[in-house]
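Q: I have a protein model on the screen and do not know how to read it. Could we go through its features one at a time?

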Amino acid sequence: MYRKSLVYGIGWIIAICLFLGCSDEKTDGPQPLGVTFPEAVQAALNHYFPDQVPSSAEENVDEEEGISRYMVVYGSYSYIVVNENGEWQQVGSALSPLPAAFQEEYAAQFQTVAQERPGDEPHLLTRAAYGITIGFGEGDQFAFAENSGELLGYELLKYDMVLPGGIDSFLDAAFAEYPVLNVLAPVDKEFSYKVYLEDGFCISFDASNQWVVAESTGDAYLPSSFLASLPDEVKEMMT
């Protein structure tokens, strides 16, 4: 199963340390960024980190998607990833609360997290195929739709270790060309897993880990490899 996570790293704080070099030699003043931000990126940075100056920045070009993303670090342990269109992808802050602009934008979601984890400060916000996740350093990721504070479930960051083999095999056979973006463990227990794939596909599995719903939330049609796996009587109904 081809996996393409929107999360830029489960051990994101380690990634920041590597990015900064974890070196005391870099604390004696601002370092030249060496990166020129597009106007949309600069506008996003000004909005989410007002009156703050980045300490480091890196441009990463996704050759497959043909889009640039910018990882911008503030101080030692806060960062944001923004694409060239100014759309945030992930923001993390290890030693301080997440930026106020995000907490205001997603106030309902942060309120739900506060009820679920009273007294704990979330440190990670990530864009997901179904909306967003709000997370903690130890890995708990609360999943939400973009515009709702209702908890959908929990994002499974290490889904390559937890998905049963039957689900892996099905995805390999029926959706091999579509990378996995997110795996959700819903709170309503109607499904055991909901797997979100590239091009807007979502596959839901029941308690026995058999697929029960396959849908396209975008413009793409369900692939022929999936249609070929349907029972003959279903194929006849479709012709």
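The dialogue below goes from the whole chain to the sheet, then to one strand and to the aromatic rings.

Q: What kind of model is this, and how many helices and strands does the protein chain have?
A: The model is predicted. Its protein chain has eight helices and 12 strands.

Q: How much of the chain is buried?
A: A residue counts as buried when its relative accessible area is under 20%. Of the 239 residues in the protein chain, buried ones make up 44%. The chain exposes about 12600 Å², and carbon and sulfur atoms supply 50% of that area.

Q: What share of the contacts comes from residues 24 or more positions apart?
A: Among contacts in the protein chain with a separation of 6 or more, such residues account for 45%.

Q: In what order do the strands lie in the sheet, and which strands are at the edges?
A: To read a sheet, follow the pairing from one strand to the next. Here 12 strands form an open sheet, in the order S1-S2-S3-S4-S5-S6-S7-S8-S9-S10-S11-S12, and the pairing is antiparallel. The edge strands are S1 (56–62) and S12, each of which pairs on one side only. From one strand to the next, the twist averages 25 degrees.

Q: Which helices pack on the sheet, and which strands do they touch?
A: Helix H2 (residues 39–48) is one of them: it touches strand S2 (67–74), strand S3 (78–83) and S4, and its direction makes about 145 degrees with that of S3. Helix H6 also packs on the sheet, touching strand S9 (180–186), S10, S11 and S12. The direction of H6 makes about 150 degrees with that of S11.

Q: Why is S9 described as largely enclosed?
A: Count its buried residues. Seven of the seven residues of S9 are buried, so S9 is largely enclosed by the rest of the structure.

Q: How does S9 pair with S8 and S10?
A: Strand S8 (residues 151–155) and S9 pair in the antiparallel sense over three bridges. Tyr154 has Ala185 in S9 as its bridge partner. S9 and S10 also pair in the antiparallel sense, over four bridges. Val183 stands opposite Val195 in S10. S9 and S10 form a hairpin with six residues between them, and Lys189 in the turn has a positive phi of about 65 degrees.

Q: What joins S10 to S11?
A: Four bridges join strand S10 (residues 193–197) to strand S11 (residues 201–205), and the two run antiparallel. Lys194, for instance, has Ser204 in S11 as its bridge partner.

Q: How many aromatic pairs are there, and how is one read?
A: Look at the distance between ring centres and the angle between ring planes. The count is 17 aromatic pairs. Trp88 and Tyr106 form one that is edge-to-face, at 6.1 Å centre to centre with 75 degrees between the planes. Trp88 is in strand S4 (residues 88–93) and Tyr106 in the loop between helix H3 (100–105) and helix H4 (107–116), 18 residues apart.

Q: Are Trp88 and Tyr106 buried or exposed?
A: Trp88 is buried, with a relative accessible area of 2%, and Tyr106 is buried, with 1%.

Q: What does a stacked pair look like here?
A: Phe170 and Trp211 are stacked, 6.0 Å centre to centre, with 20 degrees between the planes. Phe170 lies in helix H6 (residues 165–174) and Trp211 in strand S12 (residues 211–216), 41 residues apart. Phe170 counts as buried at 15% relative accessibility, whereas Trp211 is partly exposed at 29%.

Definitions and conventions
Residues are numbered from 1 along each chain as its sequence is written. This is a predicted model: local features need pLDDT of at least 70, side-chain atom pairs count only at pLDDT 80 or more; totals for chains, interfaces and linings use all residues. Side-chain values use heavy atoms; hydrogens and water are left out. Rings of Phe, Tyr and Trp (its six-membered ring) pair if their centres lie within 6.5 Å; planes under 30 degrees apart count as stacked, over 60 as edge-to-face and the rest as tilted. Buried means under 20% relative accessible area, exposed over 50%, partly exposed in between (1.4 Å probe, protein chains only). Two strands pair if DSSP finds at least two bridges between them. Axes are lines fitted to C-alpha atoms, for helices over the stretch in contact, and angles run from 0 to 180 degrees between N-to-C directions. Contact means heavy atoms within 4.5 Å. Accessible areas come from the Shrake-Rupley method with a 1.4 Å probe; for residues, only the protein chains shown count as cover.
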